[in-house]
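The following exercises ask you to read strand pairing and exposure from a set of coordinates, and each is followed by a solution in steps.

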Amino acid sequence: MKRIAIIGFWVFLAAFLRSAGPPIFGADSAADFKKETEEQAAIDEYSARGEVLIGNSQYTYDREPENDPDHKKLTDGMGEGVGPWYNTLTTDVTFDLRWAHELSSIEMDIYRGNLNWWLKDMTLFIMDRDGDFKEVGKVATGWKSGFPGEPGPTSFAFTNINQSAQLLRIRFNNDGWYFGVSAVRIFAKKPQAIAQPAAVDPKADAGAPTPYNIPNTGDALVFKKGNFDKDPEDELLLANKYVKMVIKPSSGGVIASFRYQGVDFTQPKVSSATGGGGGFFADSINAQGGGDWWEAPYQYKLLENTADRISLQLWAAGKTGPCAHLMVYKTITLQKERSDVQVDWDYQLSKGALAAIPFRLLYHNFVGTRDGLIKSKNFSCFTPGDDGVAKLDYGKPAGSETWWNNPARGWVGVADSQRHTGIAFLMDYRCLKLFHSGGSGHHNSLPTLEWLFNDITIPDGGSFKT
């Protein structure tokens with residue numbers, strides 16, 4: 001069972017003053033100055049070859065060394081050796097780059113205490129959109145016991161990676177006694193400057209910012225069929241004193257407009273327009289990309305329409321491959337005196353499938369608010385992780401894509417700090433694999449907010465409900 005819990009976020013800002021005084025130079029300051037000079041020279045070298053060094057990455061080991069308890073030595077630029085690892089066949093180090101980067105190369109300084117230390121090779125894995133690590137490269141050292149090479153650090157590199165990634169893994173394959181690592185430097189392609197064309201008409205860029213023409217329903221619980229936009233198809237209005245939402249059966253059965261306390265948190269879906277993506281709860285099977293249900297027409301019927309509760313069911317069948325045997329039922333329920341919306345899914349696999357089939361279910365949403373025609377810069381996303389709640393400011397995007405691969409709870413929230421209003425999506429944590437957001441960059445379309453389930457195996461003639 002899924003719920004959208006409507007909650008209010010208040011964002012408090014604190015201003016900090018930093019005093020500046022005359023510089024004081026001493027032995028430490030001289031050493032710091034030398035270090036900064038060397039670091040700037042390295043940055044200039046990277047820039048000249050069209051790369052930038054990725055900072056602030058986090059990493060974990062599958063086999064912990066004794067001398068890197070804080071997990072900082074590989075990336076702090078000090079070159080202090082980590083390890084050695086003793087008599088292990090493989091050691092994995094997984095890096096989280098905080099958001100997606102277009103990777104170009106990775107340099108590794110491998111340390112040998114003496115000629116009896118050696119390492120066979122290193123393998124690079126990158127997490128794909130399914131949340132699985134896929135091998136993309138391997139580098140051999142050529143080392144053997146006693147020969148060749150000299151003690152001390154030796155550099156190796158993965159080059160010409162040319163793939164976007166937020167999570168990557170380096171596997172050190174050791175068929176000898178010991179090995180150590182001095183440093184890992186991860187590089188991305190140097191971003192190109194993006195000009196903001198002030199002369200562009202924001203209406204053309206936004207594509208679909210015009211809200212639906214929703215009638216005033218007051219505080220009543222209402223179901224109404226009507227044409228609330230300018231296309232030929234009818235839409236369905238569900239409303240109460242807190243929430244007004246328009247469902248579009250003709251285009252994926254999405255909640256194409258969601259208005260809470262007068263604030264629109266998505267926009268009408270106009271796929272033909274630039275930036276025209278919109279709506280909540282587009283159904284998808286991750287392996288299909290957009291897939292059989294993307295913008296497909298859904299059938300619908302009212303299951304309940306009473307003074308206290310409205311339940312609307314929508315459904316559509318798959319068309320291709322194993323999905324041709326899958327029917328998706330989506331039921332949206334709104335109650336009179338409640339600000340939450342319940343959305344239930346029932347995935348039914350026909351006996352014609354002849355065997356159980358695993359599906360990786362993806363739930364796709366466009367989220368955001370607007371200041372007039374322009375996408376709001378006061379909109380943020382909040383996700384729960386092992387180290388606390390992470391905040392992504394869509395008004396100050398660090399990259400076009402962000403992945404949260406280890407959610408600690410089954411919820412994700414968004415809020416507009418200027419309007420002091422937000423909403424949260426709650427989902428089945430038992431099945432949850434990751435969250436993803438894309439398209440938060442420099443254009444005026446709304447960003448996506450998606451969550452992906454682990455593989456759900458449905459028996460032929462059976463179903464999965466959430």
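Two strands count as paired if DSSP finds at least two bridges between them. The model examined here is predicted.

**Exercise 1.** Determine with which strands E28 pairs, and in which sense.

Solution. Begin with strand E29 (residues 421-426), which pairs with E28 in the antiparallel sense over six bridges; within this pairing, Gly 413 stands opposite Ala 424 in E29. Turn next to strand E25 (residues 379-385), which is joined to E28 by four bridges, again in the antiparallel sense, and here Ser 380 has Ala 415 as its bridge partner in E28. Finally, inspect the connection: E28 and E29 form a hairpin with four residues between them, and His 420 in the turn has a positive phi of about 55 degrees.

**Exercise 2.** Identify the edge strands of the open sheet E11-E12-E13-E14-E15, and explain why they are edges.

Solution. The order lists five strands, with antiparallel pairing. Strand E11 (222-226) and strand E15 (263-264) each have a single partner strand, so one side of each is left without a neighbour in the sheet. For E11, five bridges lead to strand E12 (residues 235-239), and Lys 225 has Leu 236 as its bridge partner in E12.

**Exercise 3.** Classify Glu 295 as buried, partly exposed or exposed.

Solution. First locate Glu 295, which lies in the loop between strand E16 (282-285) and strand E17 (299-305). Then apply the cut-offs, under 20% for buried and over 50% for exposed: because its relative accessibility is 30%, Glu 295 counts as partly exposed.

How values were computed: Residues are numbered from 1 along each chain as its sequence is written. This is a predicted model: local features need pLDDT of at least 70, side-chain atom pairs count only at pLDDT 80 or more; totals for chains, interfaces and linings use all residues. Side-chain values use heavy atoms; hydrogens and water are left out. Helices (H or I, at least four residues) and strands (E, at least two) are DSSP runs, numbered from the N terminus. Buried means under 20% relative accessible area, exposed over 50%, partly exposed in between (1.4 Å probe, protein chains only).
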